[in-house]
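This report goes through one protein structure part by part. Please look at the sequence and the 3D view before reading on.

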Amino acid sequence: MKKVRIAPSLLSADFANLKGEIGKVDNADLLHIDVMDGHFVPNISIGALVVRAIRKETILPLDIHLMIDSPRRYIRDFILAGGDLISVHIEATGEKASEVVQEVKRWGKKAGIAINPSTPLSKIENVLEEVDFVLLMSVEPGFPGQKFKREVLPKIRELRKRWKGDIEVDGGISRDNFKEVIQAGANILVAGSAIFKEKEPARIVREMQDEGNKIWN
Ligand code: DX5
Ligand code: ZN
């Protein structure tokens, strides 16, 4: 049986003190890192150099969420920098999604396909068999601290009905709604503000893991 996994998103951490911030969530299951290029999304965040620096500070698997155009160009860089799970957006890869997914898998890493709230599941139908996980966005990608889009709950349920793999949900997840997200069928939860804006991030992580696993089992 799968276990619920909690992935704190570093985007809401204090970037001037990344080492300290990472240390606060060492009980998490994954560390979620948002890469933005100012093209696919309006914001620019961090690149492979920073991922490499983070790699030295934690043993958690690094979950790299590529919100960038033409992601294939950068797969190698992010894997050599220490990425363990790499997701690319269907909106950025289109018909090439399968090639990009295969590239990640050739490196022996976990490949995910990410999908925006307004993109229908039918768009990822063709790659579902190849990916290790699906990342369903529950906010428009680009910024932390947005409100969870509840219309994504039926989308999680629909995907869970026909797919047994890992379902990661990202955006606006908090202590108020994480249970619903798991009930709908997700088993990897990303949370940025809800974890890093709290005084004791590790306590929120533990609560989400413990409460989450009660629902899951
Ligand atoms: C949004 C990013 C998310 C974001 C989550 O574009 O992909 O990972 O950092 O942050 P919260 O949990 O604050 O919505
Ligand atoms: Zn993300």
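## A pair of strands

Strands β2 and β3 pair in the parallel sense over six bridges. Two strands count as paired if DSSP finds at least two bridges between them, and the numbered elements are DSSP runs counted from the N terminus: helices are H or I runs of at least four residues, strands E runs of at least two. Within this pair, Ile33 has Ile64 of β3 as its bridge partner.

The model is a predicted one, in which local features need pLDDT of at least 70 and side-chain atom pairs count only at pLDDT 80 or more, while totals for chains, interfaces and linings use all residues. Residues are numbered from 1 along each chain as its sequence is written, chains are lettered from A and ligands numbered from 1 in the order in which they are written, and side-chain values use heavy atoms, with hydrogens and water left out.

## The whole sheet

The open sheet has eight strands in the order β1-β8-β7-β6-β5-β4-β3-β2, with parallel pairing. Its edge strands, β1 (5–8) and β2 (31–36), each pair on one side only. From one strand to the next the twist averages 20 degrees.

Helix α5 (residues 97–106) packs on this sheet and touches β4 (85–89) and β5 (110–115), where contact means heavy atoms within 4.5 Å. The direction of α5 makes about 150 degrees with that of β5; axes are lines fitted to C-alpha atoms, for helices over the stretch in contact, and angles run from 0 to 180 degrees between N-to-C directions. Elsewhere in the sheet, β7 (residues 166–170) and β8 (residues 188–191) pair in the parallel sense over three bridges. Glu168 has Ile188 in β8 as its bridge partner.

## An enclosed strand

How many residues of β3 are buried? Six of the six are, so β3 is largely enclosed by the rest of the structure. Buried means under 20% relative accessible area, exposed over 50%, and partly exposed in between (1.4 Å probe, protein chains only). Both faces of β3 are covered, with Leu62, Ile64 and Leu66 on one side and Asp63, His65 and Met67 on the other. In a regular strand the side chains alternate between the two faces of the sheet.

## The zinc site

The protein donors of the zinc ion (ligand 2) are His32 (NE2), Asp34 (OD), His65 (ND1) and Asp170 (OD), at 2.0 to 2.3 Å from the ion. Along the chain they follow the spacing H-x1-D-x30-H-x104-D. His32 in strand β2 and His65 in strand β3 (residues 62–67) are 33 residues apart, and the pair links distant parts of the chain. Both His32 and His65 are buried.

Donors are N, O and S atoms within 2.8 Å of the metal (3.2 Å for Na, K and Ca); water is not among the atoms, so sites may look incomplete. Six donor atoms surround the zinc ion (ligand 2) at angles of 71 to 171 degrees, which makes the arrangement octahedral. Six donors count as octahedral if opposite donors are over 155 degrees apart and all others between 65 and 115.

## Two single residues

Is Glu21, in helix α1 (residues 18–23), buried or exposed? Glu21 is buried because its relative accessible area is 5%. Leaving aside residues up to four places away in sequence, Glu21 touches Ala13, Asp14 and Phe196.

Ile59 sits in the loop between α2 (48–55) and β3. Ile59 counts as exposed because its relative accessibility is 85%.

Key
Four donors count as tetrahedral if all angles lie between 85 and 135 degrees; four count as square planar and six as octahedral if opposite donors are over 155 degrees apart and all others between 65 and 115; anything else is irregular.
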